[in-house]
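Q: Could you walk me through how to read a model like this one, feature by feature? I'd like the general idea and then the actual case.

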Amino acid sequence: MSDENYVSSFWRSHNFRLEPWGNDYEPPIQISEELSLSESDVNPTVETKNWDSFESPKPRSLPNHLIFIDGRRRLDAALVGGDGNTITYGIFGTISVGAVVIDRSVPQASCSQITIRRVLGFGGEQEAVLTRIPCPLGSKAELVYEPVKPSQDNTPNVRGLIVQNAMLAAEEQLVTKQIAKDGDTLVIRDGRLSYNSPDFILGYVKTMHKNYLTEKYAAFLWELAPGERSPIFLIAEKNRPRYSWY
């Protein structure tokens, strides 16, 4: 069977339909106004036991070369359907990632490695297929949606997670291309780092979803002035250490 016939057979056999309402952009994780306390084991005393008398070290000068990496996502159209009595949720989405390279010795900033991809994914471990959608009104252009890794979860909320994971994977690939070759370059990416991130990478978390510090230590955060940081604390997740600070 040719690839074109296989794709047509996939869509006919699974009887997927577009949901009639639009997709509003929503964050991948919904949280309440009150932060929940992290369930991970946190050791706040790896750098100092006395937070009350902690003095933030003098800031080191920045490297001459900084690389900022970030991405955006869009949910294009929601899918629902399946094979037989099985209901599966899917999504057509678009992701974009890019880097801003800053040379502080000039100074100069430039954009590089900008990529835009359309992705297609499903929940319930349902594999997707490469799908081409021709544009109407006599245009020869087409929208190409590439299959991405399916999710085990199979609820309407999985759609945002599928596109989010595809964007994060694209950011990881871009990080690999922009790895610092020497100590005079620092790569800063949006969000927390994965466990296999290379050296000279800094993860910048802009939104707090969980509180990793108890009230005894969290109260110190209100005393931080610009340019200061909290002591480093250790987050143990699934027997893997992660260091962080505010």
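**Reading the features**

A: Let's start with burial. Ser 151 counts as buried, because its relative accessibility is 14% and the cut-off for buried is under 20%. Ser 151 sits in the loop between strand 8 and helix 2 (158-177).

Q: Which residues is Ser 151 in contact with, leaving aside its neighbours within four places in sequence?

A: For Ser 151 the list is Phe 122, Gly 123, Gly 124, Glu 125, Val 158 and Ile 162. One of these has a backbone quirk: Glu 125 shows a positive phi of about 60° without being a glycine. Glu 125 lies in the loop between strand 6 and strand 7 (131-134), and it is partly exposed because its relative accessibility is 46%.

Q: Hold on, what should I know about confidence before trusting any of this?

A: This is a predicted model, and pLDDT is the predictor's confidence in each residue. Here the chain averages a pLDDT of 82, with 83% of residues at 70 or more. Going by elements, strand 8 (residues 142-147) has the highest mean, 94, and strand 2 (residues 36-37) the lowest, 64. Treat residues 25-32 separately: pLDDT stays under 50 there, and the model has 9 contacts beyond four places in sequence for them.

Q: How many helices and strands are there, and how much of the chain is buried?

A: The count is 3 helices and 13 strands. Of the 246 residues, 32% are buried. As for the contacts between residues at least 6 apart in sequence, 64% join residues at least 24 apart.

Q: Where is Arg 189, and is it buried or exposed?

A: You'll find Arg 189 in strand 9 (residues 185-190). With 3% relative accessibility, Arg 189 counts as buried. Its side chain makes a polar contact of 2.7 Å with the side chain of Glu 172. Beyond four places in sequence, Arg 189 also touches other residues, including Ile 69, Leu 168, Val 175 and Tyr 204.

Q: How do I read aromatic pairs?

A: Look at the distance between ring centres and the angle between planes; planes over 60 degrees apart count as edge-to-face. The structure holds 12 aromatic pairs. In one of them, Trp 51 and Tyr 217, the ring centres are 5.1 Å apart and the planes are at 65°, so this pair is edge-to-face. The pair links distant parts of the chain, 166 residues apart: Trp 51 is in the loop between strand 3 (41-43) and strand 4 (65-81), while Tyr 217 belongs to helix 3 (residues 215-218). Both residues are buried.

Q: Which residues form an aromatic cluster?

A: Phe 10, Trp 11, Phe 16, Phe 92, Phe 122 and Tyr 145 form one. You met Phe 122 earlier, as a contact of Ser 151.

Q: What else is worth checking along the backbone?

A: Check omega and phi. Val 106 and Pro 107 are joined by a cis peptide bond, with omega about -10°. Pro 107 is in the loop between strand 5 (88-103) and strand 6 (108-122). Strand 6 also contains Gln 113, which has a positive phi of about 55° although it is not a glycine. Gln 113 is partly exposed because its relative accessible area is 39%.

Q: And how many disulfides does the structure hold?

A: The number is 0. As for individual cysteines, Cys 111 is exposed because its relative accessibility is 58%, whereas Cys 135, at 25%, counts as partly exposed.

How values were computed:
Residues numbered from 1 in each chain as written. Predicted model: local features only at pLDDT ≥ 70, side-chain atom pairs only at ≥ 80, totals over all residues. Heavy atoms only, no water. Disulfide = S-S within 2.5 Å. Buried < 20%, exposed > 50% of the residue type's maximum accessible area, 1.4 Å probe, protein only. pLDDT = per-residue confidence, 0-100. Helix = DSSP H or I, 4+ residues; strand = E, 2+ residues; numbered from the N terminus. Contact = heavy atoms within 4.5 Å. Phe/Tyr/Trp six-rings, centres within 6.5 Å; stacked < 30°, edge-to-face > 60°. Polar contact = N/O pair within 3.5 Å; in protein donor to acceptor, adjacent residues only side chain to side chain.
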